[in-house]
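Biologist: Please take a close look at one part of this model, the surroundings of the ligand. Keep it brisk, and tie that part to the rest of the chain.

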Amino acid sequence: MANDDLPVPEPKEIDEKLSIQLRHLAEDAVLRGDPYGAEKCQNCLFYMNVDEKISYCWHPKLRILVGAQWWCQWWEAMPAEMERG
Ligand code: SF4
């Protein structure tokens with residue numbers, strides 16, 4: 001519920017800073033919001049929980065939340081014994 005007396009929330013300095021940091025991180029990783037062919041975060045070795053649509057990426061250069069359908073240049077296939085149907 002919006003209240004006309006309250007100021008509209010705006011991003012703070014910390015948000016601008018984090019936004020820039022994360023943008024650089026994403027650019028370094030060539031991170032995109034779509035799969036690259038059959039490659040996507042959900043079937044990448046570094047995607048923490050393959051059952052979730054959003055999960056933690058534990059690649060040492062990222063360590064952020066990513067979407068199951070995203071992709072980056074550091075995508076790596078899971079060892080066969082880890083793959084799930
Ligand atoms: S390394 Fe890249 S492709 Fe793999 S989960 Fe992380 S962001 Fe996705």
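Modeller: What follows goes from the ligand shell to the core, then to the hairpin, two single residues and the whole chain.

The model is predicted. Start at the ligand. It has 14 residues around it, and Cys41, Cys44, Cys57, Cys72 and Trp75 come nearest. By class, the shell holds 13 nonpolar residues, 1 polar residue and no charged ones.

Next, the core. The largest nonpolar core counts 12 residues. Cys41, Cys44, Cys57, Cys72 and Trp75 are among them. The others are Ala29, Leu31, Phe46, Tyr47, Val66, Trp70 and Trp71. As a general background, nonpolar side chains in soluble globular proteins tend to be buried together.

Trp71 deserves a stop. Beyond its neighbours up to four places away in sequence, Trp71 touches Arg32, Asp34, Pro35, Tyr36, Glu39, Lys40 and Cys41. Glu39 sits in the loop between α1 and β1. With the neighbours within four places in sequence left aside, Glu39 is in contact with Trp71 and Trp75. Glu39 counts as partly exposed because 14 other C-beta atoms lie within 10 Å, between the limits of 12 for exposed and 20 for buried. The C-alpha atoms of Glu39 and Ser55 are 16 Å apart, with their positions 16 residues apart along the chain.

Now the hairpin. Strand β1 covers residues 54-57 and strand β2 covers residues 64-67. The two run antiparallel and are joined by 4 bridges. Tyr56 faces Leu65 in β2. Between the strands lie 6 residues, and Arg63 has a positive phi near 55° in this hairpin.

For contrast, go to the helix. Lys17 belongs to α1, which covers residues 13-29. Lys17 counts as exposed because it has 11 C-beta neighbours inside 10 Å, and the limit is 12 or fewer. From the C-alpha atom of Lys17 to that of Trp75 is 27 Å, for a pair 58 residues apart along the chain.

Last, the whole protein. It has 1 helix and 2 strands, in the order α-β-β from the N terminus. The radius of gyration is 17 Å, whereas a compact globule of 85 residues would have one near 12 Å. The C-alpha trace spans about 60 × 30 × 20 Å along its principal axes. Of the 85 residues, 15% count as buried. Among contacts with a separation of 6 or more, 64% join residues 24 or more positions apart.

Definitions and conventions: Residues numbered from 1 in each chain as written. Predicted model: local features only at pLDDT ≥ 70, side-chain atom pairs only at ≥ 80, totals over all residues. Near = placed C-beta within 6 Å. Nonpolar A, V, L, I, M, F, W, Y, C, P; charged D, E, K, R; others polar. Pairing = 2+ DSSP bridges. Core = buried A, V, L, I, M, F, W, Y, C linked by C-beta atoms within 7 Å. Contact = placed C-beta atoms within 7 Å. Rg over C-alpha atoms; globule rule 2.2 N^0.38 Å.
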